Structure formats: structure tokens, C-alpha cells
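Here is a short report on selected helices and side chains. Look over the sequence and the structure first, then read on.

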Amino acid sequence: LLKRPHLRAALITGFALVFAVENILVVYGAYLENRFALSLVTSGMLSIVIGGSELLAEGGSDLWTDRLGKKRSVIMGRFGFSVALVLLPWLGGNVVLALAGFAFVFFCFEFTIVSFFPLMSEVVPEARGTAISLNVAAMGVARFVAPVVAVFLFQRTNGLTSNALLSAAVALLAAFVALAKLPDHELEPS
């Protein structure tokens with residue numbers, strides 16, 4: 001199966017998406033605490049805001065992925081995710097803007113990942129279970145690698161800019177891989 005370019009592209013896409021979000025997820029609490037001296041209660045409220053934005057993204061994906069097309073939804077979500085990541089460091093001058101930026105990052109991530117799984121299930125239809133399992137494994141590797149990179153960058157720079165720009169570059173690269181290599185055999189959007 002790994003000889004198939006569509007599957008390799010899907011695995012790269014899954015790995016990159018999870019790497020990009022984990023590279024931010026691991027350090028955003030420390031960033032907000034260092035930058036704004038947020039209390040535990042405020043950090044908890046951020047979790048509620050992020051959870052709400054993820055819920056909206058899941059609903060948005062449910063409503064729009066079939067209309068836009070799975071591949072198009074994943075690519076659009078990736079580009080939105082990349083833009084949100086690039087903007088994130090520049091929203092750090094104001095706590096409300098920073099929180100809104102994080103909510104937008106997680107909204108775009110959630111929309112993309114929820115749109116990605118149906119696309120992933122069509123990459124190798126005759127070996128769907130194996131393809132999805134390989135993708136989950138690739139995402140697991142990203143969850144293992146990203147925290148090491150995230151903490152290294154954050155400690156060296158004492159800020160979020162390097163993490164956000166690396167995540168944006170990885171997400172954007174994966175969008176181009178998805179655009180070029182993932183199959184277009186799905187039905188036309190309705």
C-alpha cells in the first residue's frame with residue numbers, strides 16, 4: 001500500500017496536520033501565562049472558548065464538506081489554518097485578540113481534521129481499514145515528535161513566533177501535497 005502515491009500523500013497530510021497543531025498546543029498555555037500572567041480560571045475559560053470553536057468547526061465541516069467536496073474542504077481548512085497560525089504571534093499584544101487567535105487556530109484545525117477523515121477513507125477504498133490505521137499511526141508519530149520540537153523552539157526563543165511559523169509552513173506544505181497528490185475521484189460538490 002505504501003507504494004501508492006495517494007496513500008503516501010494522505011499520510012504526509014495527516015502527519016503534518018497533527019504536527020502543526022501539537023507544536024502550538026504544547027506551548028500555548030505557557031505562552032499565555034508568560035505573556036499575560038493568566039490565572040488558572042482564565043486558562044480554563046480559554047479551554048471553554050476553544051472547545052466552543054471546535055464544536056462550531058465540527059458542525060461547519062458537517063454542513064460544508066459534502067457541499068464543497070472533501071479534498072477542497074481539507075485544502076481550504078489547511079490554508080485557513082496556516083493563515084491563523086501566521087497571524088497568531090501578531091495578536092499577542094492584547095489578551096482578547098490572542099484568545100480569539102487561538103480559538104481561530106483550533107477552529108481551522110478542527111474543520112480540517114473532521115473533513116480529512118472522510119477523504120482519507122476514500123484514498124484506498126479496497127483497503128480502507130489499513131489505510132486509516134496507517135494514517136492514525138502517522139498522526140501518532142506526529143504527536144510524539146511535535147512536543148520535542150515545540151518545547152525546544154519555545155525555550156530557545158521564549159515566544160510563540162517560531163512555533164507558529166513552523167506550524168504554518170508545515171500545514172501549508174501539506175496543503176500543497178494534498179492538492180497535488182490526493183485523489184479527485186469523489187462526487188462533484190452539490
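## F109 in helix 5

F109 is buried, with a relative accessible area of 10%. The cut-off for buried is under 20%, so F109 qualifies at 10%. This is a predicted model. F109 belongs to helix 5, which spans residues 95-120.

Which residues does F109 contact, leaving aside its neighbours within four places in sequence? They are L17, V21 and F81. L17 lies 92 residues from F109 along the chain. The C-alpha atoms of F109 and L17 are nevertheless separated by 7.7 Å.

## S73 in helix 4

Helix 4 covers residues 70-87 and contains S73. S73 is buried too: its relative accessible area is 0%.

Residues up to four places away in sequence are not counted here. Beyond them, S73 touches W64, T65 and L68. S73 also touches F111 and S115, and helix 5 (residues 95-120) spans both positions.

## The two sides of helix 2

Helix 2 runs over residues 28-36. Its buried residues include Y28, Y31 and L32. Why do they sit on the same side of helix 2? They cover an arc of only 95° around the axis, and so share one side. The spacing fits a general rule: an α-helix has 3.6 residues a turn, so residues three or four places apart point the same way.

The face turned away from the buried side carries E33 and N34. Both of these residues are exposed.

After helix 2 comes A37. The phi of A37 is positive, near 50°.

Conventions. Residues are numbered from 1 along each chain as its sequence is written. This is a predicted model: local features need pLDDT of at least 70, side-chain atom pairs count only at pLDDT 80 or more; totals for chains, interfaces and linings use all residues. Side-chain values use heavy atoms; hydrogens and water are left out. Helices (H or I, at least four residues) and strands (E, at least two) are DSSP runs, numbered from the N terminus. Buried means under 20% relative accessible area, exposed over 50%, partly exposed in between (1.4 Å probe, protein chains only). Contact means heavy atoms within 4.5 Å. The arc is that of the directions from the helix axis to the C-beta atoms.
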